[in-house]
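Thank you all for making the time this morning. I would like to walk you through one structure, and I will try to give the cut-offs for each term as we reach it.

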Amino acid sequence: MQTFLALFVVLMPLSLSAMILPAERTVPGGIALVPLKTLHDAVPTVTFNGSRVAVVEGSEGLTAVVGIPLWAETGKQWLDIRWPSGERARQSFTVSSKDYETQYITLKDERKVDPLPEDLERISRENAVTGQVLSTWNEQPPDFTLTYPVEGPISSVYGLRRFFNNQPRSPHSGLDIAAAKGTPIRAPADGTVLYTGDFFFNGKVVYLGHGQSLITMYCHMDRINVEPGEHIERGEVIGQVGATGRVTGPHLHWGVYLNGTPVDPGLFVAQERPRSWPPRARGPM
Ligand SMILES: [Zn+2]
């Protein structure tokens, strides 16, 4: 039985010849699909900026699916590749520039713009937890074909440079979908619940792992219906839209992460509706 299981695990990548990859966009906040040279029919461990990168095998061979941080510099970037034999290699890809639009948001709750000292302590604890969750790796082959978790208009696109009450803050690292409080949030693909919590900025939050380094995040929820460790199937309700955390109104902030970095969720969704909906400058965020 053990032999059979071992064989199954070894042969599994061969069944991925029909693997659908996300759209490639080699810009900050985008995705690079980097073909890897094959060595001894083995699958290497690939890292980018110290974080492990998803590697899938298709009919064309091995491909590294790399999340490019919003803060990445343009030009040549390098992947570190380590083969099971111990051999090492580096491989490059090129990042082009992209200008993201600027968004100005007015918040009534000043504390969510200039947190109090006790808030800052909480925020730094929560950032540490988030870092841990986002570095989770599981050996399941990732499913890159995501479906929108909520029906509704996109109220803030990914990557916007942001000002809260005229103060510069981090760029928008996900996609905001406007929906009424209580609207069900559905898993965009099969996965495992990695973490649930209630954070200062993100409000009630759920993280799902979908294989290797592909992780999705759901923020500002009103209710959470799942628990860490649970297996979730595509379409299953994981909770409800709310207005918890730093918000101007009820909406879902949907984050999609590769190798620990937030990338544009639109790159994973089939073209069932236009991706570049005009962002409303003062809509819910
Ligand atoms: Zn958002």
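Before I point at any residue, a word on burial: a residue is called buried when its relative accessible area is under 20%, exposed when that is over 50%, and partly exposed in between, with a 1.4 Å probe and protein chains only. Please also keep in mind that this is a predicted model, in which local features need pLDDT of at least 70 and side-chain atom pairs count only at pLDDT 80 or more, while totals for chains, interfaces and linings use all residues. Residues are numbered from 1 along each chain as its sequence is written, and side-chain values use heavy atoms, with hydrogens and water left out.

By that burial rule, 46% of the 285 residues of the protein count as buried. The secondary structure comes to 2 helices and 20 strands, where helices (H or I, at least four residues) and strands (E, at least two) are DSSP runs numbered from the N terminus. If we take contacts between residues at least 6 apart in sequence, 68% of them join residues at least 24 apart, a contact being heavy atoms within 4.5 Å.

Let me turn to the metal. Which protein residues are the donors of the zinc ion? They are His 172 through NE2, Asp 176 through OD and His 253 through ND1, and they lie 2.0 to 2.1 Å from the ion. Donors here are N, O and S atoms within 2.8 Å of the metal (3.2 Å for Na, K and Ca), and because water is not among the atoms, sites may look incomplete. Along the sequence, the spacing of the donor residues reads H-x3-D-x76-H. Asp 176 belongs to strand E12 (residues 175-178) and His 253 to strand E19 (residues 251-258), so this pair ties together parts that are 77 residues apart in sequence. Asp 176 counts as buried because its relative accessibility is 0%, and His 253 is likewise counted as buried, at 9%.

Staying in strand E19, we also find His 251, which is buried with a relative accessible area of 0%. Its side chain reaches the backbone oxygen of Gly 249 at 3.1 Å, which falls under the heading of a polar contact, meaning a pair of N or O atoms within 3.5 Å; within protein, one must be able to donate a hydrogen and the other to accept it, and residues adjacent in sequence count only if both atoms are side-chain atoms. His 251 and Cys 219 are 32 residues apart in sequence, and their C-alpha atoms are 8.6 Å apart in space.

Asn 259 sits in the loop between E19 and strand E20 (261-263). Is Asn 259 buried or exposed? With a relative accessible area of 6%, Asn 259 is buried, and its side chain reaches the backbone nitrogen of Gly 67 at 2.7 Å. If we do not count residues up to four places away in sequence, Asn 259 touches several residues, among them Phe 48, Arg 52, Val 65 and Ser 213.

Asn 259 also has a positive phi, of about 40 degrees, although it is not a glycine. As background, most residues other than glycine have a negative phi. Asn 165 is another non-glycine residue with a positive phi, in this case near 45 degrees; Asn 165 is found in the loop between E10 and strand E11 (167-169), and is buried at a relative accessible area of 17%.

Finally, the largest pocket, which holds about 860 Å³ of space. Of the 32 residues that line it, the closest to its centre are Ser 170, Pro 171, Ser 173, Asn 202 and Tyr 257. A pocket here is defined on a 1 Å grid over the protein atoms alone, as an open set of points where a 1.4 Å probe fits, with protein on both sides within 12 Å along at least five of seven lines, and lining residues have an atom within 4 Å of a point. Helix H2 (117-134), strand E10 (161-164), strand E16 (215-224), E19 and E20 each supply at least two residues of that lining, and H2 gives the most, with 5 residues.

Key. Points joined across faces, edges and corners; volume = space filled by probe spheres on them.
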